[in-house]
Structure formats: C-alpha cells, structure tokens
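This briefing accompanies a predicted model. Please keep the sequence and the 3D view at hand while reading the points that follow.

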Amino acid sequence: MGFLDRMSTVVQAKMNKIMDKIEDPRETLDVSYEKQLQLLQNVKRGVAEVTTSKKRLELQKAKLQMGLDKLDGQAKEALQAGREDLARKALENKASLQAQSATLDQQIADLQDQQQKLMDAESRLAVKVESFRTKKETIKAQYSAADAQVKITESVTGISEEMADVGMAVQRAEEKTENMKARSAALDELLESGTLTDYSGSDDLDRELAKVKAQSSVNDMLAKMKEEIKK
Amino acid sequence: MIIRILGDGQFRLDDNLVDRVNKIDNKIVKHVSQGNKEEYARDLANLISTIKELAEPLDPVEILPSDIIIPQSDMSFEEARKVFCDEGLIKG
C-alpha cells in the first residue's frame with residue numbers, strides 16, 4: 001500500500017507527539033485523558049471560528065447581491081433613457097460582480113462542508129473520550145492483571161490516532177479560515193470603498209444617469225411651456 | 001480491517017474491499033509519481049467514496065487503532081507529492 005502506508009507514517013509521527021513517555025502506565029491514561037478534553041475544547045473553538053467566517057462571507061454575499069440589483073436597475077434606467085452606452089457599462093460592472101459573487105458562493109459552500117466535518121468529528125471524539133474515560137477506570141482497577149499493559153497501549157494508541165486526526169482537521173480548518181479572513185478583509189475594503197458596488201469613478205454611472213434624467217425632465221418642461229405659449 | 005479516512009472517522013472493511021482499495025491506492029501512487037493531477041484528484045475521490053459507500057462505519061465508542069489511514073478528500077496534489085518527497089520516494 002504505497003500511498004496509504006505513507007499516510008500512516010505521517011499520522012504516526014503526529015501520534016508520537018501526542019503520546020508522552022511516562023513511567024507509570026496508569027498515569028499515561030490520565031495524561032491522555034486530559035489531552036483529549038483539551039482537544040475537545042479546541043474542536044469546539046474550531047467549529048465556532050468556521051461558523052463566524054461563514055457568517056461573514058454570507059454578509060458580504062448579501063452586500064454584493066444588493067450591488068447586483070442596483071446595477072441591474074441602473075442598466076434598465078439607462079436603456080429607458082436611450083443611453084445604451086451607460087447600460088452597457090452597468091452590465092459590464094454587473095458581470096464582474098457576478099464573478100465575485102460566484103467565488104463567494106464557492107467559499108461559503110466550502111466552509112459549510114468544513115463546519116459539518118468538524119461538527120461530526122467533535123461528536124465522534126466526544127463519544128470516544130467518554131468511552132476512554134470508562135475504560136481507563138476499569139483498566140486502573142484491574143491494573144495487576146497481566147494484560148493491563150496491553151490494554152493500556154491499545155486504548156492509548158487508538159485514541160491518540162483519533163486525536164491526531166481531529167487535531168489535523170482543526171488545523172486545516174484554522175488555515176482555511178485564516179486564508180479566507182485575509183481575502184474577505186480585502187473584499188470588505190472594496191465594498192466599503194464602494195469600488196465594487198458603486199462605480200463612482202470619473203464618469204460615475206449614478207451621476208451620468210441623474211444628468212440624463214434631469215435632461216429629460218428639462219425637455220419635458222420645455223415641451224409643456226411651448227404648448228402653453230401656443231395656447 | 002480497520003481503515004481511517006482522515007477527517008471522516010474509521011470504517012471496517014472486509015478482504016474484498018481491501019483488495020479494491022489497494023488497487024485504487026496503486027493507481028494514486030502512479031498518478032503522483034507521473035504528475036497526473038486530474039487523475040490523482042479523481043482516484044482519491046473514488047477511493048474515499050468507495051469506502052464510504054461500501055464499508056461499515058466503526059462505532060465511535062470503540063477505541064481501536066487503524067490498519068490503514070487514508071488522506072482527507074481535499075488533500076491537494078502538491079500536498080500528496082510532499083508526503084512522498086518527505087519520505088524520499090520522489091526526488092525533487
């Protein structure tokens with residue numbers, strides 16, 4: 001088993017870090033249990049972090065959607081005013097926002113997946129930790145038995161593997177949320193500065209449209225006055 | 001045999017399934033050494049879904065070491081390469 005053997009080696013290395021060498025095997029059980037409880041807390045924290053990141057992205061998605069709707073409205077207004085050039089500009093902006101929005105959707109789905117996995121890992125670990133606790137008391141009670149050492153090794157190895165796995169999952173989730181934090185901070189900045197939703201550059205779409213609208217209302221008023229003078 | 005998919009917990013496999021898993025594993029090794037990214041991703045997904053579909057999940061109450069450990073489904077090609085490189089399987 002080429003690839004899988006390698007993976008076992010990687011996990012084994014992590015497990016060795018988790019398992020300390022302690023003189024009294026019974027103490028090994030207690031130390032391991034302490035570490036399990038710590039890890040459970042870490043997983044809970046990991047889940048909370050992923051949830052927060054996801055909420056943040058969802059908020060950004062809502063903001064982007066507002067921007068999309070606004071640009072859509074602007075394109076329609078521009079077309080109604082016979083300014084196809086402005087409508088084109090609004091739609092071009094919309095297309096680039098849509099790309100951002102699709103990326104966000106992907107990231108949200110990714111975090112959702114991550115969140116679910118961590119929550120599953122948390123509940124598996126919680127069951128195992130409880131099972132370990134019971135087992136450890138039993139082993140300690142019959143410590144004089146010849147097979148106690150074997151049982152200790154087996155339980156500690158089994159739980160250490162679970163801990164290595166969960167520990168890596170938490171680490172991965174943390175790396176992912178860190179990456180996303182940086183990207184979403186950049187997007188936040190863009191949204192705040194209005195670069196994405198409100199293209200207020202030199203030829204601001206809003207201002208152009210306002211001008212077009214003002215122009216057409218002036219024309220209307222002029223036409224009205226002309227009618228009145230004729231009478 | 002007990003198998004762990006990193007991030008997905010442990011499963012119990014019978015010998016037939018172990019054979020199937022072994023075959024896919026060999027393909028993955030080939031893909032990594034030949035640099036076939038797409039085939040790597042496809043077969044890793046295939047490996048994991050085969051186990052999830054056909055193997056029986058281990059009751060979390062049981063505390064047992066695994067015989068085989070499978071990487072997480074989102075392990076990138078680069079990461080897979082590193083796993084080999086670190087062990088000196090692939091030079092460069």
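**Chain A and an aromatic pair in chain B**

Chain A contains five helices and zero strands, and its elements, taken in sequence order, give the pattern α-α-α-α-α. The model is a predicted one, and the points below turn from chain A as a whole to one side-chain pair in chain B.

**Chain A: burial, contacts and surface**

- Chain A has 231 residues, of which 38% count as buried.
- When contacts in chain A are limited to residues at least 6 apart in sequence, 83% of these contacts join residues at least 24 apart.
- About 13,100 Å² of accessible surface is computed for chain A, and carbon and sulfur atoms account for 54% of that surface.

**Chain B: the aromatic pair**

- Over all chains, a search of the whole structure finds one aromatic pair.
- The partners are Tyr40(B) and Phe77(B), whose ring centres are 5.5 Å apart and whose planes lie at 75° to each other, and the arrangement counts as edge-to-face because the angle between the planes is over 60 degrees.
- Tyr40(B) belongs to helix H2 (residues 37-54) of chain B, while Phe77(B) belongs to helix H3 (residues 77-86) of chain B, so the pair ties together parts that lie 37 residues apart in sequence.

**Chain B: burial of the two partners**

- Tyr40(B) has a relative accessibility of 2% and therefore counts as buried, the cut-off being under 20% relative accessible area.
- Phe77(B), with a relative accessible area of 7%, is likewise buried.

Note on methods: Residues are numbered from 1 along each chain as its sequence is written. Chains are lettered from A and ligands numbered from 1 in the order in which they are written. This is a predicted model: local features need pLDDT of at least 70, side-chain atom pairs count only at pLDDT 80 or more; totals for chains, interfaces and linings use all residues. Side-chain values use heavy atoms; hydrogens and water are left out. Rings of Phe, Tyr and Trp (its six-membered ring) pair if their centres lie within 6.5 Å; planes under 30 degrees apart count as stacked, over 60 as edge-to-face and the rest as tilted. Helices (H or I, at least four residues) and strands (E, at least two) are DSSP runs, numbered from the N terminus. Buried means under 20% relative accessible area, exposed over 50%, partly exposed in between (1.4 Å probe, protein chains only). Contact means heavy atoms within 4.5 Å. Accessible areas come from the Shrake-Rupley method with a 1.4 Å probe; for residues, only the protein chains shown count as cover.
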